[in-house]
Amino acid sequence: MRSTDKTTEAARVMTICNACRYCEGHCAVFQAMELRLEFNSDTLDYLANLCHNCGACYHNCQYAPPHEFQLNVPAAMAELRQENYGVYAWPGFMGRLFANNGLWVSLLSVIVITLFFGATAILTGADFFAAHENAFYGVISHNVLATLFGIVGGFVLLALVGSVVKFWRTMNLPSPLMLDYPRVMQGIKDALSLKYLDGGNGQGCSYPGETPSMARRWLHQMTFWGFMLCFAATSSATILHYGFDLPAPYGYFSLPKLFGILGGIGLIVGPAGLLMLKAKADAAPKGKTNKGMDVSFLVLLFLTSLTGLCLMFVRDTHYVGVMLSLHLGVVMTLFLSMPYGKFIHGFYRLIALIVFAVEKNDHKQVIGVCQSRKTI
Amino acid sequence: MKTRFDHYDVLVAGGGQAGLIAAIVAAEKGARVCLLEGAPRTHRGGNTRHTRNLRPMHIGPLSVLSGTYDEAEYWDDLMRVTKGKTNETLARMTLRNSTEAVAWLEQRGVQFQPPLGGTLHLGRTNAFFMGGGKQLLNALYRHAEKLGVEVHYDAMVSSVDIADGEFKSLQVGEHTISAKAFVAAGGGFEANIEWLKEAWGDIAENFLIRGTPYNRGDLLRILLDAGAQQIGEPNQCHAVAIDGRAPKFDGGICTRVDCVSLGIVVNKNAERFYDEGEDFWPKRYAIWGRLVADQPDQVAHVIIDQKARGAFMPPVFPPVVANTIGELAEKIGLDPAALEKTVNDYNASVQPGQFDHTELDGVHTNGLAVNKTNWARTLDHPPYSAYSLRPGITFTYLGVEVSEKAQMQMANGTESPNIFAAGEIMAGNVLGQGYLAGIGMTIGNVFGRIAGSEAADYALNR
């Protein structure tokens, strides 16, 4: 059990909230809190990942600063999340990357994109600024691309699984085979519908300001489903390539294209909108967190779809080499930063929501069970 | 502070629920309205910030409320707590008008809390604000500003010019503002320790004030001095026993300690002084503040053993814990021998029975000067825990008398043509003593709407 400034502050905040409980209607954090009397770091990591940072409980708090209790639940949870993302990172030493996430993701992107430009330019030589008959595969062959991204993807998957397993164990969840599947489905539903960005009443969260608004929920949905559609585009292309011997490029009415275009638009509008909201958002509920992590992730998503769509338009022109290098550099950076950046939040939140679905159903706590509650 | 105009149709002093509603209603009727809030923006809204619900009468389900809570039942509840100290006309009018309160607020952006456990857990008597009273305030301030109500913070009224009961103008610092009609919604005086001392004596120094430090009763005093008819007694207030470590002001709901019935309560001489098992929470809650106020130094200590842990709402501060009663006494500054004797005498007199905290179980003590009549279990499972208690004042009842039109009544028997009052400053008209959960917000809501409407009609010559 770790004890840090962040867990101490989160425990202090939750102890006050547990004696007040006015916010219990806002979200799962408070309902989970009410099942408890004490808050150890496991419990707090759970509560922190249940928190969607919607800000409602801050704006509606009778004890918010300048009250002497200085209560700011979303800030305490956001700061703790930044800490526990690092704690659950795999391999462990990579957790340090969460501290200055924006900086290192930016540096990484510069390095990776430069490397792509350099390598592509050297490999293609004079053809770098030429148009190619088979579009981008004329610049870098399919096999080279598949090998490169296969290796990186494999590592990313390993790191993600490693992190998720660590968190899963701390959350006291049984092996996946022993799960209570109706509860799991409830948790997945709450995650996919972004239920807890609705403020508790379907009117939206207090973001970017005090006034309830659905803007963030919609933009997050566009971002998420945009990402999933882009993922579906790549997956369907892989199936077409290996299963049906139909290599890219594809026509506009092919499955990869339809998924990709739709997803790409979502992945432009969503992240751009979220970045604009973020620029306007109250600073207080975010606490003293490193905003670079959120910003770099959104920018990478935005650039991935922007360069992807651009690549589609210029694939038969002599800009294909430049655009391909840029696109692949951005995508590679996004891949590499997935286990060590904002991307990871989705997994932890999903797991926390599944735990909450179980706790809510059973009316008892699953994690952080304290011995003193045993009845005499 | 500088207002945009020197003259308004309706001027409202006090930015809690009642004042805000009055301002909104007047603005909706077309009046030019200015709202003066004495607190800074961060503390705006008086005691509304610390509230959680209101209590609407309803026949059949209403919004987040289930079943029926009709006038007869509501009236019985009110009579039970006030013991008849109410103005029946005003009280019945309040109950009848309370039904509309929920929809009125919802239409202006206020959110109520849906049941957490599905429709089975619907409340029947009290509609809870999502997130508490501050959410209500935020929504109403947004709505008021959208309607063009001019809102000023840090605008404590320093004097009011009243001639023959008629409002002329008021001063905020050096600034004079006049208006055709005035709504006084400046709250009670519970944060004014000097005033409390006039009624309670020096012991009031040891009271903690659960609400806003800005409810100093300045406006109430100005109106009384200008000839308003007083209602209620200065020593009437809602006093509960709260954690002695609570802040002097503004501690709100979370400072309550709800384990009196699970243990024993002793004063600074380590003596028990009242039946801890007399009744359930609402009644217990309402009387223990006064009981502690009557003890030396206005302090008491509730002592429980390990059996009680987790059986009550978690308090905000951790208890003082010890493995023996003597050690606990030392830690909380009591005479160990005296506390041991009190606990031993109590333990020896506990009669056998089946403990059940969900009902008046009749498990009691026999033969003590002060017996415990329910939930009496021996204190014998260490570790023992202690919470110190002090009287916590929630709000005061002394106010100005009003008519059915919320018009302020004068001591000479006339009524002011253009001064209206709403909220805690006049709640004593309906609630002469005692307390019913959510009644304060209900009175503020109903009289806020009446005061705003009447003030606008007067100002606009309707």
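**Exercise 1. Locate K83(B) in the predicted model and state whether this residue is buried or exposed.**

Solution. In this predicted model, K83(B) sits in the loop between α2 (71-82) and α3 of chain B. The next step is the backbone: phi of K83(B) is near 50°, a positive value in a residue other than glycine. Most residues other than glycine have a negative phi, and most peptide bonds are trans. For the environment, count the C-beta neighbours inside 10 Å: K83(B) has 10. A residue is exposed if the count is 12 or fewer, so K83(B) counts as exposed.

**Exercise 2. Carry out the analysis for A406(B): where does this residue lie, and is A406(B) buried or exposed?**

Solution. A406(B) belongs to the loop between β16 (399-400) and β17 (407-409) of chain B. Its phi is near 65°, again positive in a residue other than glycine. Within 10 Å there are 28 other C-beta atoms. The cut-off for a buried residue is 20 or more, and A406(B) is therefore buried.

**Exercise 3. Describe the position and environment of T89(B).**

Solution. T89(B) is part of helix α3 (residues 88-107) of chain B. With 11 C-beta neighbours inside 10 Å, T89(B) is classed as exposed. In sequence, T89(B) and V430(B) are 341 residues apart, while 9.0 Å separate their C-alpha atoms.

**Exercise 4. Identify the cis peptide bonds from P65(A) to P66(A) and between P382(B) and P383(B), and place each in its loop.**

Solution. In chain A, the bond from P65(A) to P66(A) is cis, with omega near 10°. P66(A) falls in the loop between α4 and α5 (73-87) of chain A. In chain B, P382(B) and P383(B) are joined by a cis peptide bond with omega of about 0°. The loop that holds P383(B) runs between α9 (336-349) and β15 (384-396) of chain B.

**Exercise 5. Determine how α7 and α13 of chain A are arranged, and which residues make their contact.**

Solution. Begin with the geometry: the axes of helix α7 (residues 142-170) and helix α13 (residues 345-362) of chain A come within 10 Å and cross at roughly 30°. Angles under 35 degrees count as roughly parallel, so α7(A) and α13(A) are roughly parallel to each other. Their crossing is right-handed. Turning to the residues, α7(A) contributes L160(A), V164(A), F167(A) and W168(A), and α13(A) contributes F347(A), Y348(A) and I351(A). By class, this contact has 7 nonpolar, no polar and no charged residues.

**Exercise 6. Characterise the surroundings of A10(A).**

Solution. A10(A) lies in helix α1 of chain A. This residue is buried, as 27 other C-beta atoms are within 10 Å. Beyond its neighbours within four places in sequence, A10(A) touches L44(A), A48(A), A76(A), M77(A) and L80(A). The C-alpha atom of F136(A), 126 residues apart along the chain, is separated from that of A10(A) by 50 Å.

**Exercise 7. Analyse the contact between chains A and B.**

Solution. Chain A gives 30 residues to the contact and chain B gives 29. On the side of chain A, α1 (5-20) and α4 (56-59) are the elements that give two or more residues. The largest share, 5 residues, comes from α1(A). Sorted by class, this side has 12 nonpolar, 14 polar and 4 charged residues.

**Exercise 8. Describe the domains of chain B and their contact.**

Solution. Chain B divides into domain 1 (7-235 + 397-459) and domain 2 (240-392). Their centres, taken over C-alpha atoms, are 35 Å apart. In the contact, 14 residues of domain 1 meet 17 residues of domain 2. The domain 1 side has 8 nonpolar, 5 polar and 1 charged residues.

Technical notes: Residues numbered from 1 in each chain as written. Chains lettered and ligands numbered in written order. Predicted model: local features only at pLDDT ≥ 70, side-chain atom pairs only at ≥ 80, totals over all residues. Contact = placed C-beta atoms within 7 Å. Helix = DSSP H or I, 4+ residues; strand = E, 2+ residues; numbered from the N terminus. Nonpolar A, V, L, I, M, F, W, Y, C, P; charged D, E, K, R; others polar. Axes fitted to C-alpha atoms, helices over the stretch in contact; angles between N-to-C directions. Parallel < 35°, antiparallel > 145°, perpendicular 65-115°, else oblique. Left-handed = near helix turned anticlockwise from the far one by under 90°. Domains from an automatic or database assignment.
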